[in-house]
Amino acid sequence: MFTHLHIHTTRGSLLDSILKVDEAVKFASDNGMKAIALTDHGSMASFVDFVKECNKHDIKPIIGNEVYEVDNMREKADTKEYSQPRYHLILLARTQEGFKNLIKITSVSRTEGLYKKPRIDIKYIKENGLGKGIICLTACQAGRLSRYLTSDKYEEAEEFVKRLQDTFDYVVCELQSHNTIDQANANKLIYEFSQTHNMPYTITTDAHMLSDSLKDSHAMFVEIGEGREVGESYTDCYLQTEDEIYEKLSDQFSKNVIKKGIEESVNIADIVE
């Protein structure tokens, strides 16, 4: 049974999600899922409530963070010319040590690395041994792997993944169950990359809402809160069932490819202590 490994909630992903912790956990329970992850943007603010809810429903909690990853977290500026890009990266605590390391990463990103967003760099994580006990997923279209591959920067993608593998316990390529042209293109490139480099891949939905019926409400919420148009950036970003994932990705991959990605989500849940 599929495991959601990439979700955002209202408290941790402020002005970006309308999904409540209790709604997410209940959805997992109602759909026979054995585990679920919490991966708010640069935050672990909801993990206590999350663990309590999971315990109520006999669901394994997987504590994570979608960090903002940059080249140098200490590089800051207050000019319009400042352009160091931020990339998304999913980190999941696999062990107790990994949980403590994730707290440290989160804390440092919000103190030493804070500039507009809480930021961290892979160099800091590696040099301080903070990748131990952590599973890493390559995240969404705002992730560095997706950005590199869709920009024909293949060598940079290889170098980046090598850095991840040298830093974290387990690195997994992330495909997303979104039926848009841009995501389909990114999925194709990421899947091919995973096969060329003999890497595991999994599937996520990058959920920001409970169901697709809330997409207009969510779009209005983000547009009012942040003053920006959302376009297709949140298309299919809801808690999908396993059947919906097969349906969304049926035009992109064979059933066997989708099945393997779903099985890897279960494998990841299983190796979390």
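The buried residues of helix H2 are covered by surroundings that include helix H1 (21-30), strand S1 (35-38) and strand S2 (60-69). In this predicted model, H2 spans residues 47-56, and its buried residues are Phe50, Glu53 and Cys54. These residues lie on the same side of H2, because the arc that they cover around the axis is only 100°. The other side of H2 carries Lys52, Asn55 and Lys56, which are exposed. After H2 comes Asp58, a residue with a positive phi, near 55°.

Helix H1, which takes part in covering H2, can be described in a similar way. Its buried residues are Val21, Ala24, Val25, Phe27 and Ala28, and since they cover an arc of only 155° around the axis, they are placed on the same side of H1. The elements against which these buried residues pack are S1 and H2, so that the description of H1 returns to the helix with which this account began, given that H1 is included in what covers the buried residues of H2. H1 is followed by Gly32, and the phi of this glycine is positive, near 70°.

Strand S2 also belongs to the cover of H2, and its own surroundings were examined next. Of the 10 residues of S2, eight are buried, and the strand is therefore largely enclosed by the rest of the structure. The pairing of S2 involves several strands. S1 and S2 run parallel and are joined by four bridges, with Leu38 standing opposite Ile63 in S2. With strand S3 (residues 87-93), S2 pairs in the antiparallel sense, over six bridges; here Gly64 has Leu92 in S3 as its bridge partner. With strand S4 (residues 119-120), the pairing is parallel and extends over two bridges, and Tyr68 has Arg119 in S4 as its bridge partner.

The nonpolar interior was considered as a further level of organisation. In soluble globular proteins, nonpolar side chains tend to be buried together. In the present model, the largest nonpolar core has 60 residues, and the residues with the most contacts inside it are Leu89, Leu91, Leu145 and Phe168. H1 supplies the largest share of this core, namely five residues. A second core, separate from the largest one, consists of 13 residues and includes Ile90, Val172, Ala269 and Val272. When its neighbours within four places in sequence are left aside, Phe168 is in contact with Leu89, Leu91, Ile122, Ile125, Gly131, Ile134 and Cys136; the contacts of Phe168 thus include Leu89 and Leu91, which are themselves listed among the residues with the most contacts in the largest core.

One of the contacts of Phe168, Cys136, leads to the question of the cysteines. Cys136 counts as buried, because its relative accessibility is 0%. The closest cysteine sulfur to that of Cys136 belongs to Cys173 and is 9.6 Å away, which is too far for a bond. Cys140 is likewise in no disulfide, as the nearest cysteine sulfur, that of Cys237, lies at 8.2 Å. With a relative accessibility of 9%, Cys140 also counts as buried. For the whole structure, the search finds zero disulfides.

Both Cys140 and Cys237 appear again in the surroundings of Asp206, a residue that touches His6, His8, Cys140, Gln176, His178 and Cys237 when residues up to four places away in sequence are not counted. Asp206 is located in the loop between strand S7 (201-204) and helix H8. Although aspartate is a residue that a reader might look for at the surface, attention here is confined to the computed value: Asp206 has a relative accessibility of 7% and therefore counts as buried. Its side chain makes a polar contact with the side chain of His8, at 3.2 Å.

Helix H8 (residues 215-226) contains Glu223. This glutamate is partly exposed, because its relative accessible area is 28%, whereas Asp206 counts as buried. Glu223 and Asp121 are separated by 102 residues in sequence, and the distance between them in space, from C-alpha to C-alpha, is 29 Å.

Notes:
Residues are numbered from 1 along each chain as its sequence is written. This is a predicted model: local features need pLDDT of at least 70, side-chain atom pairs count only at pLDDT 80 or more; totals for chains, interfaces and linings use all residues. Side-chain values use heavy atoms; hydrogens and water are left out. Buried means under 20% relative accessible area, exposed over 50%, partly exposed in between (1.4 Å probe, protein chains only). The arc is that of the directions from the helix axis to the C-beta atoms. Contact means heavy atoms within 4.5 Å. A polar contact is a pair of N or O atoms within 3.5 Å; within protein, one must be able to donate a hydrogen and the other to accept it, and residues adjacent in sequence count only if both atoms are side-chain atoms. A nonpolar core is a set of buried Ala, Val, Leu, Ile, Met, Phe, Trp, Tyr and Cys residues joined through side-chain atoms within 4.5 Å. A disulfide is a pair of cysteine sulfur atoms within 2.5 Å. Two strands pair if DSSP finds at least two bridges between them.
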